[in-house]
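This report introduces a protein structure to a reader who has not met it before. Please keep the sequence and the structure in view while reading.

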Amino acid sequence: MNRPENLERDLAMWFADTATPRVPDFTDDILRLTAGTRQRPRWSFPERWLPMSVITVGRQAFKPLPWRMIGLLAVLAILIAASIAFYIGSQRKPPDPFGLAGNGRIAYSVVNDIVLVDPATGALTTLVGGPTSDSFPVFSRDGTRLAFERLVGGGNQLFVVDPAGGEPTALTPVTYDQMFGLSWSPDGTEILYSTGDLVLVPTNAGGEMRRLVYDIRSQGFPTFRPPDGHDISFKGSRSDDSASGWYLVKRDGSAEPRPIVVADGSILQGTPLQWTPDGRGFITIQTDSTSSGVEVGRIHVMTLGDDDRVTEDLVVGPPVLLGPIGSPLSPDGTKVIATVAQPDGVAWQATIVPTDGAGESVVTGPMFEGSDFAFTWSPDGQLIVVNDTTTREVWLLDANGGPARRGGWTDPTDEIPTFQRVSR
């Protein structure tokens, strides 16, 4: 017997022994554990619905990315996110329609053109020029648009233009009514003016004008009541000049005008109302006395109840001149400009008076003479723009009593300056 024969015999015996069927010792334990488990349903196998080529395509087509490529993609994603964040941050949100805001530019008309001036530098830009006759510009409350009147063939037409430039858009047909007191709605969707009736013009081209016609006729000075503009205040009277005074009317024209009533039951009188940002109060000037032939009045800070009756009436500051000067209210409603007459009844000086009656008044600016002046506050409440309509000089007064300075431009109109509100 030799070695190869033994190996051949041993292998044959091993194969025969290995191929013999056997039951493992732990078979009973496995059956006991799995007896309560249901067989997986046939529909749950992807192979029954999709070809195997689809299931295995991921393993065939996509290879793991190297770490260098993953790092490069991560850096690229961070750069894209930073660019998007920078772009969003650079898009300045328009300011709220009431309250303090940043200072933009001042608009006025010069020789039938609409001009913008930067009050910080005096730099002038012609916004609307050409042969047309344009005047009375008024910025929207968010500062993004500018409305103005155009004289067309003896009639008037209302236009709107982007302060950044571009072609003006006509909002109305030519009308032979005079447009008094252009006023933007808080939401910027309508412009209000008075023609004897109250007229509401949509600011989207092609919208329909609405005319609010009542027995109480408007004598001018219409304005939207803050904060939502659902009410419009205006001075009105009947055709026989009775019931003259200040009224409120619904912007949607759903009801007759309601008189604003004071403590003695009469209709409120005085200069045009200037509303506080919350719409609960307003200021007006009422005649106090006449001295040396000069009419003077007192500034009244009033609170209006839900029934359109004045519930509080606070007199603030010293006597002020009446007439075209007026006493503008600051954007935040906390201060008012009092034009305080000197003993000679001719000269006067601007005084900043707190509307709550507390705190110290601040005298600011040089001494002025006469009453042909127009005023406005800067949106940030720090400057008062004074336009001397006699000398055509423009002054910038410090609301905190600091040095005043002349503006680097002249305003040839007697219009109240309109100041653009921008984000702070």
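## An enclosed strand and its hairpins

Strand β24 (residues 383-388) is largely enclosed by the rest of the structure, because five of its six residues are buried. The model is a predicted one, and this strand serves as the starting point for the description.

On one side in sequence, β24 is joined by five bridges to strand β23 (residues 373-377), and the two run antiparallel. Within this pairing, Phe375 stands opposite Val386 in β24. The two strands form a hairpin with five residues between them, and Gly381 in the turn has a positive phi of about 75 degrees. Strand β25 (residues 393-398) also pairs with β24 in the antiparallel sense, again over five bridges. Here Asn387 stands opposite Val394 in β25. β24 and β25 likewise form a hairpin, with four residues between them; Arg392 in that turn has a positive phi of about 70 degrees.

## The protein as a whole

The secondary structure of the protein comprises five helices and 27 strands. Of its 424 residues, 40% are buried. The protein exposes about 23,800 Å², and carbon and sulfur atoms supply 56% of that area. Among contacts between residues at least 6 apart in sequence, 41% join residues at least 24 apart.

## A four-stranded open sheet

Strands of a sheet pair through backbone hydrogen bonds, in either a parallel or an antiparallel sense. One open sheet in this protein has four strands in the order β12-β13-β14-β15, with antiparallel pairing. β12 (217-224) and β15 (258-259) stand at the edges with a single partner strand each, so one side of each is left without a neighbour in the sheet.

At one of these edges, two bridges join strand β14 (residues 245-250) to β15, and these strands run antiparallel. Tyr247 stands opposite Pro259 in β15.

## Aromatic pairs

How many aromatic pairs does the structure hold? There are nine aromatic pairs. One of them is formed by Phe148 and Phe159, which are stacked, at 5.7 Å centre to centre and with 15 degrees between the planes. Phe148 lies in strand β5 (residues 146-152) and Phe159 in strand β6 (residues 155-161), so the pair ties together parts that are 11 residues apart in sequence. Both Phe148 and Phe159 are buried. The pair formed by Phe368 and Phe373 is edge-to-face, because the ring centres are 5.2 Å apart and the planes stand at 65 degrees.

Phe368 counts as buried at 5% relative accessibility, and Phe373 is buried with a relative accessible area of 3%. Ring pairs link Phe368 and Phe373 with Trp348, Phe375 and Trp395 into a cluster. Phe159 has a further neighbour: Arg150 lies over the face of its ring, at 4.3 Å from the ring centre.

## Salt bridges

Side chains of opposite charge can pair when their charged atoms come close. The structure holds 13 salt bridges. In one of them, Glu190 meets Arg251, with the closest N and O atoms 2.8 Å apart. This pair links distant parts of the chain, since Glu190 is in strand β9 (residues 190-194) and Arg251 is in the loop between β14 and β15, 61 residues apart. Are these two residues buried or exposed? Glu190 and Arg251 are both buried.

A second salt bridge joins the side chains of Arg258 and Asp308 (2.9 Å, N to O). It too links distant parts of the chain: Arg258 belongs to strand β15, while Asp308 sits in the loop between β18 (294-304) and β19 (310-321), 50 residues apart. Asp308 counts as buried at 10% relative accessibility. The side chains of Asp278 and Arg280 also meet in a salt bridge, at 3.3 Å from N to O. Asp278 counts as partly exposed at 38% relative accessibility, whereas Arg280, at 57%, counts as exposed. Salt bridges that share partners join Arg225, Asp231, Lys250, Arg258 and Asp308 into one network.

Notes: Residues are numbered from 1 along each chain as its sequence is written. This is a predicted model: local features need pLDDT of at least 70, side-chain atom pairs count only at pLDDT 80 or more; totals for chains, interfaces and linings use all residues. Side-chain values use heavy atoms; hydrogens and water are left out. Buried means under 20% relative accessible area, exposed over 50%, partly exposed in between (1.4 Å probe, protein chains only). Contact means heavy atoms within 4.5 Å. Accessible areas come from the Shrake-Rupley method with a 1.4 Å probe; for residues, only the protein chains shown count as cover. Two strands pair if DSSP finds at least two bridges between them. Rings of Phe, Tyr and Trp (its six-membered ring) pair if their centres lie within 6.5 Å; planes under 30 degrees apart count as stacked, over 60 as edge-to-face and the rest as tilted. A charge sits over a ring if NZ of Lys or CZ of Arg is within 6 Å of the ring centre and within 35 degrees of the ring normal. A salt bridge is a side-chain nitrogen of Lys or Arg within 4 Å of a carboxyl oxygen of Asp or Glu.
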